[in-house]
Amino acid sequence: MPVWAATLVIAAVTVLLIAAAWLGWRSRVRRDAGLVPSHEVPAGLGAPRAASRVLYVATTAHDEPLERLAIAGLAFRAQGTIAVHASGVLVSLDGSADVWIRASDLAAARPATVAIDKAVEKDGLLTLVWRLAGTAIDSYFRVLEPELSGSLYDAIDSITHAESEV
């Protein structure tokens with residue numbers, strides 16, 4: 001086979017793979033279109049109970065760490081901050097609109113080791129379990145200031161409602 005033909009075949013396969021990935025992502029966005037988080041941050045939040053810089057990893061269906069959800073503001077990995085307030089959790093990611101999670105929608109905070117394409121040391125991820133539009137979901141964060149992890153867990157636990165079940 002001539003070199004130009006092999007190059008053409010490789011280019012065609014590459015274009016097909018990129019097109020398939022794009023179509024798959026578009027399908028996922030359409031599937032998750034009903035999952036729209038609040039981007040309106042309540043006024044007068046005051047100082048957070050706990051806050052830290054984080055690497056946002058992904059949001060998945062509850063207890064399905066390999067089933068990514070394409071949610072506006074939470075669709076892509078990014079650095080940012082997570083701040084726990086008495087009335088909820090504010091997720092501010094670089095390049096995205098802030099996401100406000102009301103305390104009444106929170107179910108738990110728990111450690112994880114794996115989510116989608118991120119594997120870290122045992123319990124190296126903070127998993128925020130919450131409800132969005134009646135759907136139980138898990139959002140995974142890598143706390144960039146590990147010494148603050150305990151205070152984040154404690155603050156989230158203090159605002160979750162005991163009757164919240166996912």
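Reader: With the side chain of which residue does the side chain of Asp 138 make a polar contact?

Author: The model is predicted, and the place of Asp 138 in it is in strand β9. The side chain of Asp 138 reaches the backbone nitrogen of Asp 63 at 2.8 Å. A polar contact, also at 2.8 Å, joins the side chain of Asp 138 to the side chain of His 62.

Reader: Is Asp 138 buried or exposed?

Author: Leaving out residues up to four places away in sequence, Asp 138 touches residues that include Ala 58, Thr 60, Arg 110 and Leu 128. A residue counts as buried when its relative accessible area is under 20%. The relative accessible area of Asp 138 is 0%, so Asp 138 is buried.

Reader: Which element gives the largest share of the largest nonpolar core?

Author: The largest nonpolar core has 30 residues, and Val 89, Val 91 and Leu 128 touch the most other members. Elements that give two or more residues to this core include β1 (50-61), β3 (88-93), β8 (125-132) and α2 (149-159). The largest share, 5 residues, comes from α2.

Reader: How many residues does the other core have, the one that lies apart?

Author: Among the members of this other core are Ala 58, Ala 115, Val 120 and Tyr 140. This core has 7 residues.

Reader: Which residue of α2 is in contact with Leu 128?

Author: Neighbours within four places in sequence are left aside here, and the contacts of Leu 128 then include Ile 82, Val 89, Ala 108, Phe 141 and Ile 156. The buried residues of α2 include Leu 152, Tyr 153 and Ile 156. The residue found in both lists is Ile 156.

Reader: Around the axis of α2, what arc do its buried residues cover?

Author: The buried residues of α2 are Ser 149, Leu 152, Tyr 153, Ala 155, Ile 156 and Ile 159. An α-helix has 3.6 residues a turn, so residues three or four places apart point the same way. What covers the buried residues of α2 includes β1, β2, β3, β5, β8 and β9. These buried residues lie on the same side of α2, because they cover an arc of only 165°.

Reader: Which residue in the turn between β3 and β4 has a positive phi?

Author: β3 and β4 pair in the antiparallel sense over 4 bridges, and Gly 88 stands opposite Arg 102 in β4. The two strands form a hairpin with 5 residues between them. The residue in the turn with a positive phi, about 85°, is Gly 95.

Terms used:
Residues are numbered from 1 along each chain as its sequence is written. This is a predicted model: local features need pLDDT of at least 70, side-chain atom pairs count only at pLDDT 80 or more; totals for chains, interfaces and linings use all residues. Side-chain values use heavy atoms; hydrogens and water are left out. A nonpolar core is a set of buried Ala, Val, Leu, Ile, Met, Phe, Trp, Tyr and Cys residues joined through side-chain atoms within 4.5 Å. Buried means under 20% relative accessible area, exposed over 50%, partly exposed in between (1.4 Å probe, protein chains only). Contact means heavy atoms within 4.5 Å. A polar contact is a pair of N or O atoms within 3.5 Å; within protein, one must be able to donate a hydrogen and the other to accept it, and residues adjacent in sequence count only if both atoms are side-chain atoms. Two strands pair if DSSP finds at least two bridges between them. The arc is that of the directions from the helix axis to the C-beta atoms.
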